[in-house]
Amino acid sequence: MITMSERSAGITVATIHNKFASAEVSLYGGQVLSFKPDDRDDILFMSSPCSFKPGKPIRGGIPICFPWFGPRTDDPMLPQHGFARTSTWSIISFEDEPENSTLILGLSDTEDSRRIWPHSFAAALAVTVSKKLSLTLSVTNTGGSPLSFTDALHAYFKVSQIESARLIGLEQSEYRDLAALRSGAASEKPDTRITQNGEIVFTGEIDRVYLTDSNIRIIDNIKPGQIIIRTEGFPNRIIWNPGQVKGEAIADLGKKEWNSFVCMEAGAVDPNEISVPPGATVCQTMIIEPKR
Ligand SMILES: O=P(O)(O)OC[C@H]1O[C@@H](O)[C@H](O)[C@@H](O)[C@@H]1O
């Protein structure tokens, strides 16, 4: 079953409900806002002061970073993480099967998008709600010249408290430390690779791009259960939590809320950008499986 409602002026939300789960998807941003398996607690985090105002990104759920991840290196004035998360997507279709429900949203180039990213494209996001939450982003190059993009499904997972959570699956993987690079440490160069030693525990700011597509497990350690994340077509994992100092300075985040989420993003980040020849389509999938 699907029902549509207005979250605020200009923000339409589809609520999907079936025998396994419920989920909310905002057409603004093409963004999953919540996923409640068995109608239990949401496994996704949503910032409480988030204003849901067109023009601003929604902080929580699963924003889509596309067609670039992070700041645009050739023009830092352009919006961080691209324009997909601040664009309104259209509904392409909705199908309710006995075991799952799939909503497909679409976004194509416009005059405005071509001004900052001169490409013709048709993107579709298929959100399947079942025991698992599955997102497939497909991008078709509808123009006559090759296009390439970087991207991420920037999932915010709720945790009871970040210092107690653990993230498993990246042991021995190499990463680039974006936080260290930003701090301008002389020893840090964009191509510096560090090897992950053991599981990830959170003791302060973490902002890293891992050069791997391995499966991830998030363990809350206070609540029982875990979340398993698998992907196809996403060569990178990005792990982000701002820590207390930077977290308290984020205007659209509640004062203590930096402590209540971890972002585990499936991405294709420089130098792993995705190239799409004219007429071709590239698909990337993220599957999120909550386990009791
Ligand atoms: O505040 P934004 O634009 O949503 O970005 C949040 C974070 O997103 C992460 O993906 C980046 O690696 C971080 O550097 C960034 O701070």
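Let me start with Glu265, which is buried, because 25 other C-beta atoms lie within 10 Å of its own, and a residue counts as buried when that number is 20 or more. Please keep in mind throughout that what we are looking at is a predicted model.

If you follow the chain to Glu265, you will find this residue in strand β21, which covers residues 261-268. Setting aside residues up to four places away in sequence, Glu265 touches Ala152, Leu153, His154, Ala155, Arg237, Ile238 and Trp240.

One residue in that list, His154, deserves a closer look, and here the UniProt record helps us, since its unreviewed entry carries the annotation "active site" for His154 and Glu265. These two residues are spread over 112 residues of sequence, and yet they cluster in space, with a largest C-alpha distance of 4.5 Å.

Where, then, does His154 lie? His154 sits in the loop between β11, residues 151-153, and β12, residues 156-158. Is His154 buried or exposed? His154 is buried, because 24 other C-beta atoms are found within 10 Å. When neighbours within four places in sequence are left aside, the contacts of His154 are Ile62, Pro63, Cys65, Cys263 and, once again, Glu265.

Finally, let us turn to the ligand, whose surroundings include both His154 and Glu265, together with Pro57, Gly70, Gln80, His81, Leu178, Asp207, Ile238 and Trp240. Sorted by class, this shell around the ligand consists of four nonpolar residues, four polar residues and two charged residues. Notice, as you look at the structure, that Ile238 and Trp240 appear in the ligand's surroundings and also among the residues that Glu265 touches.

Conventions. Residues numbered from 1 in each chain as written. Predicted model: local features only at pLDDT ≥ 70, side-chain atom pairs only at ≥ 80, totals over all residues. Near = placed C-beta within 6 Å. Nonpolar A, V, L, I, M, F, W, Y, C, P; charged D, E, K, R; others polar. UniProt positions renumbered as here; feature names shortened; annotations may be inferred. Helix = DSSP H or I, 4+ residues; strand = E, 2+ residues; numbered from the N terminus. Buried ≥ 20, exposed ≤ 12 C-beta atoms within 10 Å, placed from the backbone. Contact = placed C-beta atoms within 7 Å.
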